[in-house]
Amino acid sequence: LRLTDAVPYKKGYMYVKSTFPTTMGITADFEYKAWRNVADTVNFGADGFTFFLFDGAITEEKFLLGGWGGSLGYATFSSPANTPGLSGGYIGIGFDAFGNYIRSVENRNGGQTDYLPNSIVLRGPTTATYSQSNIYLASKALGNRSGTLSDIRKRNEIDYNTTTATRPNDNVFYRRVQVSIIKSGTDYIINVKW
């Protein structure tokens, strides 16, 4: 399954048509590859992807992704004008290669002004109030943080940053993620193993 080609302004998705009560929690385990077959002008690719949960009452006809680019298909976005977040989104766990998902720019709510490339970032639910939708909740930077912003972006934590004509094999680039969400009182405990 390939969600997008290595071209600008694209977003894709895959979701499981299986509902469950949020009181049960969830454990998800998946492997992924993120790479590009064309060079870009800055040689560090972009942007990342989101693991999300959304309201099971949203039908396929009503399901819409959030903004592209730094919004990773989950959060609000400024263009086209005031793109809402993911339809019925509960939680969006962003695997952010470029470092924009954490930022409070492009009409994303909450967050910081600085980039945080190669990180895992958590954003909250989509709400009817645009300015309160998909609020930034938490983040964790991955790997070595030494060097310039450009140096950190060129690292291979979230995506494979070498242009390649074919999908990299597991010896070159392999990632496995486990996400667990457990109900705890009125809150949830979210663990991400990368």
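**Exercise 1. Where is the place of lysine 11: in which segment? Then describe its surroundings.**

Solution.
- Step 1: place the residue. Lysine 11 sits in the segment before β1. The model used throughout is predicted.
- Step 2: judge the accessibility. The relative accessible area of lysine 11 is 36%. The partly exposed class lies between 20% and 50%. Lysine 11 is therefore partly exposed.
- Step 3: list the contacts. Leaving out residues up to four places away in sequence, lysine 11 touches Thr4, Leu65, Gly66, Gly67 and Trp68.
- Step 4: look at two of these partners. Tryptophan 68 is 57 residues from lysine 11 along the chain, yet their C-alpha atoms are separated by 5.9 Å. A polar atom of the lysine 11 side chain lies 2.6 Å from the backbone oxygen of glycine 66.

**Exercise 2. Work out the strand order of the sheet with four strands, and follow its pairs.**

Solution.
- Step 1: write the order. The open sheet runs β2-β3-β4-β5, with antiparallel pairing.
- Step 2: find the edges. β2 (48-54) and β5 (136-141) are the edge strands, as each pairs on one side only. From one strand to the next, the twist averages 15°.
- Step 3: take the pair β2 and β3. Strand β3 covers residues 89-96 and pairs with β2 in the antiparallel sense over seven bridges. Phenylalanine 49 stands opposite phenylalanine 95 in β3.
- Step 4: move on to β3 and β4. Strand β4 covers residues 119-123, and five bridges join it to β3 in the antiparallel sense. Here phenylalanine 95 stands opposite isoleucine 120.
- Step 5: combine the two pairs. Phenylalanine 95 has phenylalanine 49 opposite it and also isoleucine 120 in β4.
- Step 6: check the cover on β3. Seven of its eight residues are buried.

**Exercise 3. Is serine 87 buried or exposed? Give its location and its contacts.**

Solution.
- Step 1: locate serine 87. It lies in the loop between β2 and β3.
- Step 2: apply the cut-off. Buried means under 20% relative accessible area. Serine 87 has 13%, so it counts as buried.
- Step 3: name the neighbours. Beyond four places in sequence, serine 87 touches Phe54, Ile58, Lys62, Phe63 and Leu64.
- Step 4: pick out the polar approach. A polar atom of the serine 87 side chain lies 3.2 Å from the backbone oxygen of lysine 62.

**Exercise 4. Describe the sheet with three strands, then place asparagine 191 in it.**

Solution.
- Step 1: write the order. This open sheet runs β1-β6-β7, and the pairing is antiparallel.
- Step 2: find the edges. β1 (26-32) and β7 (187-193) each pair on one side only, which makes them the edge strands. Neighbouring strands are turned by 15° against each other on average, direction ignored.
- Step 3: take one pair. β1 and β6 (residues 175-184) pair in the antiparallel sense over seven bridges. Within this pair, glutamate 31 has arginine 176 in β6 as its bridge partner.
- Step 4: place asparagine 191. It belongs to strand β7. Its relative accessibility is 39%, so asparagine 191 counts as partly exposed.
- Step 5: list its contacts. Not counting residues up to four places away in sequence, asparagine 191 touches Gln178, Val179 and Ser180.
- Step 6: compare sequence and space. Asparagine 191 and threonine 27 are 164 residues apart in sequence, but 9.5 Å apart in space from C-alpha to C-alpha.

**Exercise 5. Which side chain does the side chain of aspartate 170 make a polar contact with?**

Solution.
- Step 1: locate aspartate 170. It is found in the loop between α1 (149-153) and β6.
- Step 2: find the partner. The aspartate 170 side chain makes a polar contact with the side chain of lysine 33, at 2.7 Å.
- Step 3: look back along the chain. Aspartate 151 is 19 residues from aspartate 170, and their C-alpha atoms are separated by 24 Å.

**Exercise 6. Which strands each supply at least two residues of the lining of the second largest pocket?**

Solution.
- Step 1: state the volume. The second largest pocket holds about 190 Å³ of space.
- Step 2: read the lining. Among its residues are Ile93, Ile120, Val121, Ala138, Ser139, Ile190 and Val192.
- Step 3: assign strands. β4, β5 and β7 each supply at least two lining residues.
- Step 4: link to the sheets. β4 and β5 belong to the sheet of four strands, whereas β7 belongs to the sheet of three.

Definitions and conventions
Residues are numbered from 1 along each chain as its sequence is written. This is a predicted model: local features need pLDDT of at least 70, side-chain atom pairs count only at pLDDT 80 or more; totals for chains, interfaces and linings use all residues. Side-chain values use heavy atoms; hydrogens and water are left out. Two strands pair if DSSP finds at least two bridges between them. Axes are lines fitted to C-alpha atoms, for helices over the stretch in contact, and angles run from 0 to 180 degrees between N-to-C directions. Buried means under 20% relative accessible area, exposed over 50%, partly exposed in between (1.4 Å probe, protein chains only). A polar contact is a pair of N or O atoms within 3.5 Å; within protein, one must be able to donate a hydrogen and the other to accept it, and residues adjacent in sequence count only if both atoms are side-chain atoms. Contact means heavy atoms within 4.5 Å. On a 1 Å grid over the protein atoms alone, a cavity is a set of points where a 1.4 Å probe fits but cannot get out, and a pocket is an open set with protein on both sides within 12 Å along at least five of seven lines; lining residues have an atom within 4 Å of a point. Grid points are joined across faces, edges and corners, and a volume is the space filled by probe spheres set on the points.
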